[in-house]
Amino acid sequence: MLREQHIKQLERLVGAENVVTDNASLLAYSYDSTAQFQAMPDAVIAPKNTNEIAEIVKWCNKHKIPIVPRGSGTNLCAGTTPLSGGIVLLFKHLNQIMEIDEENLTMTVQPGVYTKKIHEVAEEIGLFYPPDPGSMHISQIGGNISENSGGLRGLKYGVTKDYVLGLEIVLPTGEIIRTGGKLAKDVAGYDLTKLYTGAEGTLGIITEAILKLIPKPETKQTMLALYDDLEKAAESVSAIIANRIIPATMEFLDRHTLEVVEDYARIGLPTDAEAVLLIEQDGAPEIVQRDMESITTLCKKNNAFQVTLAASEEEASQLTAARRTALSALSRLKPTTILEDATVPRSEIAKMVRAIGKIAEKYDITICTFGHAGDGNLHPTCLTDVRNQEEMIRVEKALGEIFETAIALGGTITGEHGVGAMKLPYLHLKTGEAGIQAMRNIKKSLDPNNIMNPGKMFSMTKESVVENK
């Protein structure tokens with residue numbers, strides 16, 4: 001608990017105008033986009049530069065005050081909820097694109113830059129930043145890096161870690177280090193850039209990032225394939241990859257999700273199909289045309305009853321935008337929406353989809369499934385009401401079985417959303433206790449006072465108990 005003299009000390013570090021403690025502000029930063037998790041911070045601070053962040057961290061380390069770095073709070077794992085109180089640290093003043101280096105194909109940014117801005121600035125000069133999380137219009141790049149965000153283009157282009165070349169980091173002791181750089185090769189010591197990408201703010205604070213850009217694809221085409229059988233849609237995904245075709249995007253929506261998205265977007269999506277594949281390919285025109293012809297043949301061979309190419313760029317954009325609204329559309333149906341991201345090998349998608357349906361039936365709950373089928377990253381989404389305690393017990397049991405099923409099929413409990421506090425009780429399913437202990441050892445060596453986003457990813461003790469839930 002911060003006392004009045006503590007607040008005064010923090011105000012001297014960053015200016016009184018950048019420290020807020022009123023109840024309305026604290027409440028606004030007591031939760032993120034994750035259902036069920038909420039806790040009040042003691043203060044919200046917006047430092048102006050890296051040096052101020054370093055001074056804040058030194059002060060917090062001395063007084064053992066928790067710090068939760070926070071971007072837009074769009075994560076879905078309770079990764080930015082201040083479960084131990086302390087300080088929520090914002091990046092609203094660190095929101096600049098520092099440099100665009102066209103010779104080295106890099107962009108250097110501060111953590112508060114919105115992901116959409118990075119896309120737009122890169123494309124203005126004919127370059128391309130591929131990671132495109134569903135929240136890209138409002139998420140910040142610092143949060144994307146901390147969660148190692150994915151997106152619709154993950155199949156062909158990979159995820160955030162594949163485009164982070166270097167970082168500036170404030171360690172939990174307040175020291176400032178730089179990792180990586182504008183290099184195609186660098187094996188000087190441990191790869192700290194990769195360690196901090198996906199660390200969920202538990203090992204330090206990212207204050208600058210060097211991002212890799214690539215040439216913008218010449219053209220793209222978008223396709224819808226409709227199925228009467230969702231397992232046939234899943235089998236089409238495996239068939240396309242098995243034929244050595246890697247689309248830029250290959251998204252899956254079941255009938256329930258499709259109906260809700262169409263009701264929300266109103267763009268004429270077919271709602272009489274049990275499943276839809278939204279497929280996009282980009283690149284040189286002749287390659288795109290060849291691939292789309294092959295994909296059409298494979299989808300029809302796997303019993304797609306209709307395959308349609310978008311007639312214009314506008315129609316293609318509408319289809320992709322509609323897919324991005326899936327979570328927003330589903331969240332209109334019930335008070336609580338719990339979106340998960342169990343991930344399996346592509347060859348196991350059909351089995352996973354079938355299992356999710358059986359689990360929903362077993363526990364008598366509503367689960368709509370969509371996601372990045374091309375990389376096996378499915379989003380089973382539970383529509384429920386957190387006030388219905390009996391139903392929430394069934395939801396928790398269902399989610400546990402979904403994670404166990406994903407692991408049994410060679411998958412993982414999370415492909416892109418992160419662990420945070422929400423999946424802390426399930427991490428051992430993937431890593432085992434020895435793996436968790438190795439992570440604890442890394443955390444303890446870098447953050448001995450456990451001030452950096454405590455209570456996230458794993459417990460510092462062997463008890464996997466999530467408080468404040």
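pLDDT is the predictor's confidence in each residue, from 0 to 100, and it is a good place to start, as the model discussed here is predicted. Across the protein, the mean pLDDT is 94, and 98% of the residues reach 70 or more. Residues 464-469 are another matter: pLDDT stays under 50 over this stretch, for which the model has 17 contacts beyond four places in sequence.

Turning to the aromatic rings, the count comes to three aromatic pairs. Among them is an edge-to-face pair formed by Tyr129 and Tyr163, with 6.1 Å from centre to centre and 75° between the planes. This pair links distant parts of the chain, its members being 34 residues apart. Tyr129 lies in the loop between β7 (127-128) and α5 (141-147), while Tyr163 belongs to the loop between α6 (154-157) and β8 (164-170). Tyr129 counts as buried because its relative accessibility, 1%, is under the 20% cut-off. Tyr163 is likewise buried, with a relative accessible area of 5%. The ring of Tyr163 has a further partner in Lys212, whose charged end sits over that ring, 5.1 Å from its centre.

The cysteines complete the picture. A search of the whole structure finds zero disulfides. For Cys77, the nearest cysteine sulfur is that of Cys382, 16 Å away, and Cys77 is in no disulfide. Cys77 is buried, at 1% relative accessible area. Cys382 is in no disulfide either; its nearest cysteine sulfur belongs to Cys368, at 9.4 Å, so the 2.5 Å limit for a disulfide is not met. Cys382 is also buried, with a relative accessible area of 1%.

Note on methods
Residues numbered from 1 in each chain as written. Predicted model: local features only at pLDDT ≥ 70, side-chain atom pairs only at ≥ 80, totals over all residues. Heavy atoms only, no water. Contact = heavy atoms within 4.5 Å. Phe/Tyr/Trp six-rings, centres within 6.5 Å; stacked < 30°, edge-to-face > 60°. Helix = DSSP H or I, 4+ residues; strand = E, 2+ residues; numbered from the N terminus. Buried < 20%, exposed > 50% of the residue type's maximum accessible area, 1.4 Å probe, protein only. Lys NZ or Arg CZ within 6 Å of the ring centre and 35° of its normal.
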